[in-house]
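Work through the exercises below with the coordinates open. Each task is followed by a solution in steps.

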Amino acid sequence: MPRPILYSTIVSQPCRAVLLTADSIGLELEVREVSLMAQDQLKNSFTKINPQHTVPTLDDNGDIIWDSHAIMSYLVGKYGKNDDLYPKDLTKRALVDQRLHFDSGILFALLRQISYPIFFDNVKTVPEEKNKLVKEGYDFLNIFLEGKKWLAGDSYTLADISCVTTLTSLAVLVPIDSYPNIVSWVKTCEDEIKGYARLGAPGNTAFHEKIQSHLQSPGQD
Ligand SMILES: N[C@@H](CCC(=O)N[C@@H](CS)C(=O)NCC(=O)O)C(=O)O
């Protein structure tokens with residue numbers, strides 16, 4: 001069987017979440033770089049397989065799946081040796097799913113809404129209404145983590161992988177310092193999620209540098 005192909009780029013948070021998931025279950029992927037700055041994702045060869053033109057996109061022997069959350073649960077179900085990252089128990093799974101939707105619908109949605117205008121429309125600040133919504137998201141996350149080491153259950157799951165990759169990028173735009181539960185959970189994720197130093201941290205640093213260079217570059221007006 002050929003290795004599953006992942007269309008990916010390291011600055012992308014959902015791509016990193018998939019790479020970390022694969023590493024945690026010991027799955028080797030064939031990674032194909034998609035440069036968002038060069039708009040590779042808009043080329044016909046890519047929109048033919050994913051008309052929504054987003055990375056990550058997985059090609060598993062001809063089966064095409066996109067959206068990191070869908071890819072991550074698929075990979076664990078198909079290739080995981082156990083269900084630690086995505087429990088089969090329905091109650092436990094529902095909690096992981098709730099956190100995955102929290103990432104998708106709140107944390108990542110806000111990160112994209114704030115960062116795209118900075119990258120592509122010369123915007124230099126985080127709009128106040130978005131800042132407020134991010135802080136509301138942080139408040140929720142801080143509550144989810146009260147008295148807990150991990151976001152869902154006693155060991156790390158897809159919920160932690162997904163939320164921490166987004167959160168650590170969002171933190172460059174809206175600081176997390178006044179959310180103690182989040183700060184200590186981020187540290188735990190950095191220390192304990194398999195492959196984090198190799199697959200999570202460098203892409204996050206690249207994202208921080210890129211966004212800071214856009215925020216600091218002179219405006220066009
Ligand atoms: N919810 C999606 C978000 C995917 C997404 O927005 N990816 C961005 C990169 S972080 C992308 O591909 N942007 C290019 C585009 O939308 O054309 C996921 O989790 O995979």
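## Exercise 1: a residue in a helix

Phe120 lies in helix α4. The model is a predicted one.

**Task.** Decide whether Phe120 is buried, partly exposed or exposed, and state how far Phe120 is from Met37 in sequence and in space.

**Solution.**
1. Count the other C-beta atoms within 10 Å of that of Phe120: there are 11.
2. A residue with 12 or fewer such atoms is exposed, so Phe120 is exposed.
3. Phe120 and Met37 are separated by 83 residues in sequence. Their C-alpha atoms are 9.3 Å apart in space.

## Exercise 2: the sheet

**Task.** Give the order of the strands in the open sheet, and state which strands stand at its edges.

**Solution.**
1. The sheet is open and has four strands, in the order β2-β1-β3-β4. Its pairing is mixed.
2. β2 (30-33) and β4 (63-66) each have a single partner strand, so they stand at the edges and one side of each lacks a neighbour in the sheet.
3. On average, neighbouring strands of this sheet are turned by 20° against each other, direction ignored.

**Task.** Describe how β3 is joined to β1 and to β4, with residue pairs.

**Solution.**
1. Strand β1 (residues 5-8) and strand β3 (residues 57-60) run antiparallel and are joined by three bridges.
2. Leu6 is placed opposite Leu58 in β3, and Ile5 has Asp59 of β3 as its bridge partner.
3. On the side of β4, four bridges join β3 to that strand, and the two run antiparallel. Thr57 stands opposite Trp66 in β4.
4. β3 and β4 form a hairpin, with two residues between them.

## Exercise 3: backbone angles in the loops

**Task.** For Asn61 and Asp67, give phi, the location and the exposure class.

**Solution.**
1. Asn61 is not a glycine, yet its phi is positive, about 55°.
2. The location of Asn61 is the loop between β3 and β4, in the turn of the hairpin.
3. Asn61 has 9 other C-beta atoms within 10 Å and is therefore exposed.
4. Asp67 has a phi near 85°, also a positive value in a residue other than glycine.
5. The loop between β4 and α3 holds Asp67.
6. Asp67 has 17 C-beta neighbours inside 10 Å, so it counts as partly exposed.

**Task.** Which peptide bond from Val55 is cis, and where does Pro56 lie?

**Solution.**
1. The bond from Val55 to Pro56 is cis, and its omega is near 0°.
2. Pro56 is found in the loop between α2 (44-47) and β3.

## Exercise 4: helices α1 and α3

**Task.** Compare the span of α1 and of α3 with the expected value, and list what covers their buried residues.

**Solution.**
1. α1 has twelve residues and reaches 17 Å from its first C-alpha to its last, close to the expected 16 Å.
2. α3 also has twelve residues; its reach is 16 Å, close to the 16 Å expected.
3. Eleven of the twelve residues of α1 are buried, which leaves this helix mostly covered. Among them are Cys15, Val18, Leu19 and Leu20.
4. The cover over the buried residues of α1 includes β1, α3 (68-79), α4 (90-120), α6 (158-170) and α8.
5. In α3, the buried residues are Ser68, Ile71, Met72, Ser73, Leu75 and Val76. Their cover includes α1, β3, β4 and α6.
6. Just after α1, Gly26 has a positive phi of about 70°.

## Exercise 5: packing of α1 and α8

**Task.** Are α1 and α8 roughly parallel or roughly antiparallel, and which residues make their contact?

**Solution.**
1. Two packed helices are described by the angle and the distance between their axes.
2. The axes of helix α1 (residues 13-24) and helix α8 (residues 196-216) come within 9 Å of each other and cross at roughly 175°.
3. An angle over 145 degrees counts as roughly antiparallel, and α1 and α8 are therefore roughly antiparallel to each other.
4. α1 contributes Arg16, Leu19, Leu20 and Asp23 to the contact, and α8 contributes Tyr196, Leu199, Gly200 and Gly203.
5. Sorted by class, this contact of α1 with α8 has four nonpolar, two polar and two charged residues.

Conventions. Residues are numbered from 1 along each chain as its sequence is written. This is a predicted model: local features need pLDDT of at least 70, side-chain atom pairs count only at pLDDT 80 or more; totals for chains, interfaces and linings use all residues. Two strands pair if DSSP finds at least two bridges between them. Axes are lines fitted to C-alpha atoms, for helices over the stretch in contact, and angles run from 0 to 180 degrees between N-to-C directions. Angles under 35 degrees count as roughly parallel, over 145 as roughly antiparallel, 65 to 115 as roughly perpendicular and the rest as oblique. Two residues are in contact if their C-beta atoms, placed from the backbone, lie within 7 Å. Ala, Val, Leu, Ile, Met, Phe, Trp, Tyr, Cys and Pro count as nonpolar, Asp, Glu, Lys and Arg as charged, and the others, Gly among them, as polar. The expected span of a helix is 1.5 Å times one less than its number of residues. A residue is buried if 20 or more other C-beta atoms lie within 10 Å of its own, exposed if 12 or fewer, and partly exposed in between; C-beta atoms are placed from the backbone.
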